[in-house]
Amino acid sequence: MSEVAPPANGGPQEMPSWHHRFGFVAAVFGMFMAILDIQIVASSLNEIQAGVSASSDEISWIQTSYLIAEIIMIPLSGVLMRWLSTRVAFVISCAGFTLASLGCALATSIDQLIVLRAIQGFMGGAMIPLTQAVSFSLFPRRAMGTVQGIIGMVVTLAPSIGPTVGGYLTEIFSWHWLFLVNVIPGIFVTLAVWRFLDVDEGDASVAKRLDFTGLILIALFLGSLEFVLEEGPGDDWFSSELIVWMTLLCVASCIGFFWRVLTCEHPIVDLRAFKNLNFSVGTGLVFVVGIAMYGLVYLMPLFLGGVRGYSSLQIGEVMFVTGVAMFFTAPVVGRLTNSVDLRVLLFFGLLLVGIGTAMNSNLTSESGFWQFFWPQIVRGTGMIMCIIPASRIALGTLGPAELGNAAGLFSVMRNLGGAVGLAMLDTVRDWREDYHWNQLIPALDQGRVVVQQQIANYQSMLMGHVADPYHSAVAMLGQRIGVQTQVLAYNDIFLWMGCLYLISVPLVLLLKRIEH
């Protein structure tokens, strides 16, 4: 850890004008909307399902279509920025996102909603890496702590409060407002970026060199990969013929994409940024952080809704703690990045995420707000301490010409981490539930006195209310065992995820120090 990474060449030395700062703030707000919309529908899927008369299988595509489209667009943002300029690329992205949001609110069928969600994710996806790239090209190194603190807070806060915001909007108004809420801010951001973020000029010659073969291959590769990861757990992976074919498509397009990128003179995505050790390790760590960022936001509502029977509003109130912890921690961590070795912050960030996750490995069927309170505080603090230093470590030593492309790759790795995490969590949860069921079910031996007493209690309680009190009592006892198997499975997942982050801590030792 003694080496010092060279600074990025040609970075700005002076603070940008207020003109450009205002444009940057608008871009950050646009990025917030794009990330928020990944999770804003998570706690309101039942209401949307009823509103558009969708089946339980169809409604999951509200999430899947957005994620697939977004992850295809993110790595293409670097090409768009070089071709059209940052301002034009961002304005097209935000305007398209806003119009698609309005379309989602007006959708009357599940088919319309799925298509419009895909357009929303594709158009909004570019705003995330474009904002990250422009921060490094606009602001000098001495201001990076504050700037990355703001971006880090947005990147981590948005998915954490998404279910909370969605729950409140659906409860107070209707599910249509999950999308209508983007319209006015979207118009404001579009106009503000067009007026104030004129930071570079586009290069029309980029369009002439555009590698359409690479474009098709990356769309097939990332789209099929995201599909397999999203749908695999629900379809029991390779027992589904569709998953098998999509996996084969993913493998074939992956091979084709990497062959094209490595042999084409002007590749659609430039992978040379991975020659930079800090970028490679930093993106690897943000992949791991993405598992927690999106995985835990997915896992906690499952537990609170499935085991505790909480409503979307109650789930949002529990999960709001993470957002509050991040909100108050981000400015402090941002300032610390200007004076403390970034690797030290990242080291303790991974440690806190691991400890905070493992703290929830002793849940019971009665666990609620207070059992999640302190673990969320620890995790939220650790998450901020990971994201802000990781972005500066990964992107802070790259030249201005590399930033657009590298920021896209950085964002893709974070989102892929989330996609892999969700698939892993679903698969492991099913596997551990089956395991604990097989371990606990022998305890229902009706020869045991305690089992006989419990069945008798249930039987007397159900007498006169059901036709067959005895079998209903046995079924109730089986349901109790089922709940306990779920709780034990969640405990396993929290413990194993905590260990994953603790194991990742030594990777920080590979990083080179970045001078402040």
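This is a conversation between a student and a tutor about how terms are applied to a predicted model.

Student: What makes up the secondary structure of the chain, and how many of its residues are buried, as a percentage?

Tutor: The secondary structure comes to 21 helices and two strands, and of the 516 residues in the chain, 56% are buried. The chain exposes about 21,500 Å², and carbon and sulfur atoms supply 66% of that area.

Student: Why is Y66 called buried?

Tutor: The word is used for a relative accessible area under 20%, and Y66 has a relative accessible area of 0%, so Y66 counts as buried. Y66 is found in helix α4, which covers residues 61-73.

Student: Which residues does Y66 touch, if we do not count residues up to four places away in sequence?

Tutor: Y66 touches A34, D37, I38, F97, R117, Q120 and G121. One of these, G121, is 55 residues from Y66 along the chain, and yet the C-alpha atoms of the two are separated by 4.5 Å. For the chain as a whole, among contacts between residues at least 6 apart in sequence, 84% join residues at least 24 apart.

Student: D37 and R117 are both touched by Y66; what makes D37 and R117 a salt bridge?

Tutor: The term requires a side-chain nitrogen of Lys or Arg within 4 Å of a carboxyl oxygen of Asp or Glu. In this pair the closest N and O atoms are 3.7 Å apart, and because that value is within the 4 Å cut-off, D37 and R117 form a salt bridge. In general, side chains of opposite charge can pair when their charged atoms come close.

Student: How do you know that this pair links distant parts of the chain?

Tutor: D37 lies in helix α1 and R117 in helix α7, residues 110-125, and the two are 80 residues apart.

Student: Are D37 and R117 buried or exposed?

Tutor: D37 has 0% relative accessibility, so D37 counts as buried, and because R117 also has 0% relative accessibility, R117 counts as buried.

Student: How many salt bridges does a search of the whole structure find, and why does R429 with E433 count as one?

Tutor: The search finds four salt bridges. In R429 and E433 the closest N and O atoms are 3.8 Å apart, and because the limit is 4 Å, the pair counts as a salt bridge. R429 and E433 both lie in helix α19, four residues apart, which is about one turn of the helix.

Student: Why are R429 and E433 called buried, when their values are 16% and 18%?

Tutor: The cut-off is under 20%. R429 has 16% relative accessibility and so counts as buried, and E433, with a relative accessible area of 18%, is therefore buried as well.

Student: What makes R432 and D492 a salt bridge?

Tutor: The side chains of R432 and D492 meet at 2.8 Å, N to O, and because this is within 4 Å, the name salt bridge applies. This pair links distant parts of the chain, with R432 in helix α19 and D492 in helix α21, residues 469-504, 60 residues apart. R432 is buried, and D492 is buried too.

Student: How many cavities of 30 Å³ or more are there, and what is the volume of the second largest cavity?

Tutor: The count comes to two cavities of 30 Å³ or more, and the second largest cavity has a volume of about 60 Å³. Ten residues line the second largest cavity, and the closest to its centre are L67, Y294, N415, G418 and A419. The largest share of the lining, four residues, comes from α19. By class, the lining of the second largest cavity has five nonpolar, three polar and two charged residues.

Student: What is the phi of S85, and where does S85 lie?

Tutor: S85 lies in the loop between α5 and α6, and its phi is near 95°, a positive value in a residue other than glycine. Most residues other than glycine have a negative phi.

Student: Why do S85 and T86 count as buried?

Tutor: S85 has a relative accessible area of 5% and T86 has 2% relative accessibility, and because buried means under 20%, S85 and T86 both count as buried. T86 is in helix α6, residues 86-106, and, leaving aside neighbours within four places in sequence, T86 is in contact with M81, V134, L197, V199 and D200.

Conventions. Residues are numbered from 1 along each chain as its sequence is written. This is a predicted model: local features need pLDDT of at least 70, side-chain atom pairs count only at pLDDT 80 or more; totals for chains, interfaces and linings use all residues. Side-chain values use heavy atoms; hydrogens and water are left out. Buried means under 20% relative accessible area, exposed over 50%, partly exposed in between (1.4 Å probe, protein chains only). Contact means heavy atoms within 4.5 Å. Accessible areas come from the Shrake-Rupley method with a 1.4 Å probe; for residues, only the protein chains shown count as cover. On a 1 Å grid over the protein atoms alone, a cavity is a set of points where a 1.4 Å probe fits but cannot get out, and a pocket is an open set with protein on both sides within 12 Å along at least five of seven lines; lining residues have an atom within 4 Å of a point. Grid points are joined across faces, edges and corners, and a volume is the space filled by probe spheres set on the points. Ala, Val, Leu, Ile, Met, Phe, Trp, Tyr, Cys and Pro count as nonpolar, Asp, Glu, Lys and Arg as charged, and the others, Gly among them, as polar.
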